[in-house]
Amino acid sequence: MTYFDTSFLGVTGDDAQLGKLAAQLGAAYQLAVTPGVENYPVYHTAAVFLVDPRAPISRRVRAALDAEGISRRFEVLRELEGPKAT
């Protein structure tokens, strides 16, 4: 992920864990591993998923992605969630 930006976080896990998450999100992925080669491409759904780990709310933002549209969707989700307990 640091290839794109050092602040980005990626999803990790074994194939069964990743497959379960991908199925829950309606996403697809494929690894193109070449034996003896350290880096390999990962082909995956071109979308952004807004996921709240505390609630069953998630949204899929399909391409073409625009920052303002994603931000508006995120704010709607935050409003649906209600005030945070302190």
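**Fold, local contacts and the largest pocket**

Of the contacts (heavy atoms within 4.5 Å) in the protein chain between residues at least 6 apart in sequence, 15% join residues at least 24 apart. The structure is a predicted model, in which local features need pLDDT of at least 70 and side-chain atom pairs count only at pLDDT 80 or more, whereas totals for chains, interfaces and linings use all residues. Residues are numbered from 1 along each chain as its sequence is written, and side-chain values use heavy atoms, with hydrogens and water left out.

The protein chain contains 2 helices and 4 strands, assigned as DSSP runs numbered from the N terminus (helices: H or I, at least four residues; strands: E, at least two). Read from the N terminus, the order of elements is α-β-β-β-β-α. Buried residues account for 10% of the 86 residues; buried denotes under 20% relative accessible area, exposed over 50%, and partly exposed the range in between (1.4 Å probe, protein chains only). The exposed area of the protein chain is about 7,400 Å², of which carbon and sulfur atoms supply 57%; accessible areas come from the Shrake-Rupley method with a 1.4 Å probe, and for residues only the protein chains shown count as cover.

At the start of helix H1 (residues 15-25), a side-chain oxygen of Asp-14 comes within 3.1 Å of the backbone nitrogen of Ala-16. Gly-26 follows H1 and has a positive phi, near 75°.

Thr-45 lies in the loop between strand S2 (42-44) and strand S3 (47-51). Its relative accessible area is 18%, so Thr-45 is buried. The side chain of Thr-45 reaches the backbone nitrogen of Ala-28 at 2.7 Å. Not counting residues up to four places away in sequence, Thr-45 touches Ala-27, Ala-28 and Arg-60.

Val-42 belongs to strand S2 and is partly exposed, because its relative accessible area is 39%. With neighbours within four places in sequence left aside, Val-42 is in contact with Gln-30 and Leu-31. The C-alpha atoms of Val-42 and Ala-32, which are 10 residues apart along the chain, are separated by 6.2 Å.

Val-42 also appears in the lining of the largest pocket, which comprises 30 residues; Met-1, Gly-10, Val-11, Val-42 and His-44 lie nearest the pocket centre. Elements giving two or more residues to this lining are H1, strand S1 (29-31), S2 and S3. A pocket is an open set of points on a 1 Å grid over the protein atoms alone, where a 1.4 Å probe fits, with protein on both sides within 12 Å along at least five of seven lines; lining residues have an atom within 4 Å of a point.

Technical notes
Polar contact = N/O pair within 3.5 Å; in protein donor to acceptor, adjacent residues only side chain to side chain.
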